[in-house]
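Me: I'd like to learn how to read a fold like this one, feature by feature. Can you walk me through it?

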Amino acid sequence: MTVLSIVVAVLCGLTALLGLYYALRDLNADLVLLGACALLALAWVVLGLALGLRDLGGGSPEDPITLYGYLLTAVVLVVGAGWMGLFERSRWGSLVTGLGALVSAVLLMRLHQIWPGGFA
């Protein structure tokens, strides 16, 4: 889970920086930024599936509703930010996409605070 968490964290950071760059340069979201957002959403889904498979294999978190609620919130947040970037064709759509990735990184950090040691 640690490797997947690192991948998600790196994608969050890169997408947030890319969204900020686009907003500062007064660019609207293009396929690069939206693709980064989609890749981040896919990484969250893979992390959720890995945790789900681990739980099916015998591990069980203390509060699975909160854990999977966080994972679902992260996916919905990133997808919603991508939709906003797609439909708001100004710098603000790019900024929302970057901020969605930043909030997604905060959710990942919060997951590690609640379930330390690789979501044990």
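Reply: Sure. Keep in mind that this is a predicted model. Start by counting elements: the protein chain has five helices and zero strands. Reading from the N terminus, the order is α-α-α-α-α.

Me: How does the radius of gyration of the protein chain compare with the globule rule for 120 residues?

Reply: The general idea is to set the chain's value beside what the rule gives for its length. Here the radius of gyration is 15 Å, close to the rule's 14 Å, so the chain is as compact as a globular protein of that length. Along the principal axes, the C-alpha atoms fill a box of roughly 50 × 20 × 20 Å.

Me: And contacts: what share join residues at least 24 apart?

Reply: Take contacts between residues at least 6 apart in sequence, then ask how many span at least 24; in this chain that is 75%.

Me: Which residues in the largest nonpolar core touch the most other members?

Reply: For a core, look at who touches whom, then at which elements contribute. This one has 23 residues, and Val-8, Leu-40, Trp-44, Leu-47, Leu-71 and Leu-111 touch the most other members. Helices H1 (2-24), H2 (31-56), H3 (64-87) and H4 (91-114) each give two or more residues to the core. H2 provides the largest share, seven residues.

Me: What about burial and the surface?

Reply: Buried residues account for 38% of the 120. The accessible surface is about 6,600 Å², with 75% of it belonging to carbon and sulfur atoms.

Me: Last one: how far apart are the centres of the positive and negative side chains?

Reply: Count each set, then compare their centres: there are 5 positive and 6 negative side chains, with centres 8 Å apart.

Key: Residues numbered from 1 in each chain as written. Predicted model: local features only at pLDDT ≥ 70, side-chain atom pairs only at ≥ 80, totals over all residues. Heavy atoms only, no water. Helix = DSSP H or I, 4+ residues; strand = E, 2+ residues; numbered from the N terminus. Rg over C-alpha atoms; globule rule 2.2 N^0.38 Å. Buried < 20%, exposed > 50% of the residue type's maximum accessible area, 1.4 Å probe, protein only. Contact = heavy atoms within 4.5 Å. Areas by Shrake-Rupley, 256 points an atom, 1.4 Å probe, with all protein chains shown as cover. Lys, Arg positive; Asp, Glu negative; His and termini not counted. Charge placed at Lys NZ, Arg CZ, Asp CG, Glu CD. Core = buried A, V, L, I, M, F, W, Y, C linked by side-chain atoms within 4.5 Å.
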